[in-house]
Amino acid sequence: GTGPDRELLTMTRAPIPPPVPEPRRRRYLLCPPTHFAVDYAINPWMDPGRPVDGAAAERQWRRLCAVLRGLGHEVATVDPLPGLPDMVFTANGATVVDGRVLVARFKHAERAGEAAAHRRWFAGAGFRPVHTASLVNEGEGDLLVAGRRILAGSGFRTTAPAHREAQRLLGLPVVTLQLVDPRFYHLDTALAVLGDDQIMYWPPAFSAASRRLLATLYPDAVRGAAADAAVFGLNAVCDGRHVVLPRAATGLAAQVHARGYRPVPVEMPELLKAGGGPKCCTLELRGA
Ligand code: ARG
């Protein structure tokens, strides 16, 4: 027959995938939310009139650090600077591939000062070379490393010419994806890399052409539901096995679990007031 019964049958017959392999140890760069605030609005989530609870933000961030360390990963920190309330979102500060660093160039003047802080941190930590983008480029907010390829968002912050610069300086082919929904202004708000050949994403955040491209590159991808995207569920950190994601994204947690991943829920409602989540707070230091 057709209809729901048939769908159920198909579901029960679907093979249960084997657990994904043990993750390797990762190194992440985070920044304490010491000066975190919503003082300006550069994305639709930000409302400077709405109070932010600094102590709660600090607790939520500490919990994220503890979760990442608990999974066996190393957490390094960059010192927060006064006057840079979004510096907690280290994912936007750079992209790191094989120890090579491309430091961001922020679109908005309010965040411009973060780039120099990242440049100093990377130079001090011994990374070489440390390039700085000459075009608007918001680091891992828009450039997500997936195996030997970079998936890159454009439309709101990082531009397509900046993708080409990243390809040249980081030495990996870059796939340009067009973001179309202002609530999902960075690629990492609508797509997360689960493994070298696996992603999860919310298709409506992308143009029709980019949706087709993603469907071709990742026919087996996890497609999130609107409700999970709306609570920033795609803003997830995956070490190849564990998926650290906002607790409210229960549908996505079930979907990745069914694929053999381990969902690890965290709560970051204060950071969400700035349009950020666990992935925005976490920059991966690859091959350092
Ligand atoms: N308020 C910040 C901005 O709009 C939030 C950045 C979130 N980071 C991210 N990787 N999506 O720039």
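Colleague: Leaving aside neighbours within four places in sequence, which residues is L234 in contact with?

Modeller: This is a predicted model: local features need pLDDT of at least 70, side-chain atom pairs count only at pLDDT 80 or more, and totals for chains, interfaces and linings use all residues. Numbering runs from 1 along each chain as its sequence is written. Contact means that two C-beta atoms, placed from the backbone, lie within 7 Å. With those close neighbours set aside, L234 is in contact with T189, A190, L191, A192, M200, Y201, W202, G224 and A229.

Colleague: Which residues touch the most other members of the largest nonpolar core?

Modeller: A residue is buried if 20 or more other C-beta atoms lie within 10 Å of its own, exposed at 12 or fewer, and partly exposed in between, with C-beta atoms placed from the backbone. A nonpolar core joins buried Ala, Val, Leu, Ile, Met, Phe, Trp, Tyr and Cys residues through C-beta atoms within 7 Å. The largest one has 75 residues, and the members touching the most others are A190 and L234.

Colleague: What arc do the buried residues of helix 4 cover?

Modeller: Helices (H or I, at least four residues) and strands (E, at least two) are DSSP runs, numbered from the N terminus. In helix 4 (residues 160–170), the buried residues are A162, H163, A166 and L170. They lie on the same side of helix 4, because their arc around the axis is only 105°. The arc is taken from the directions from the helix axis to the C-beta atoms, and its value is 105°.

Colleague: Which strands do those buried residues of helix 4 pack against?

Modeller: Packing here is again contact between residues. The strands are strand 3 (94–97), strand 4 (100–103), strand 6 (143–146), strand 7 (149–154) and strand 8 (174–178).

Colleague: Which residues around the ligand are the closest?

Modeller: A residue counts as near if its C-beta atom, placed from the backbone, lies within 6 Å of the molecule. By that test 16 residues surround the ligand. The closest are F89, G141, H186, G276 and C280.

Colleague: Is A56 buried, exposed or partly exposed?

Modeller: A56 sits in helix 2 (residues 54–70). Its C-alpha atom is 8.7 Å from that of P269, 213 residues apart along the chain. A56 has 15 C-beta neighbours inside 10 Å, so this residue is partly exposed.

Colleague: What percentage of the protein's residues is buried?

Modeller: The protein holds 8 helices and 15 strands. Its C-alpha trace spans about 65 × 40 × 35 Å along its principal axes. Of the 288 residues, the buried share is 42%.
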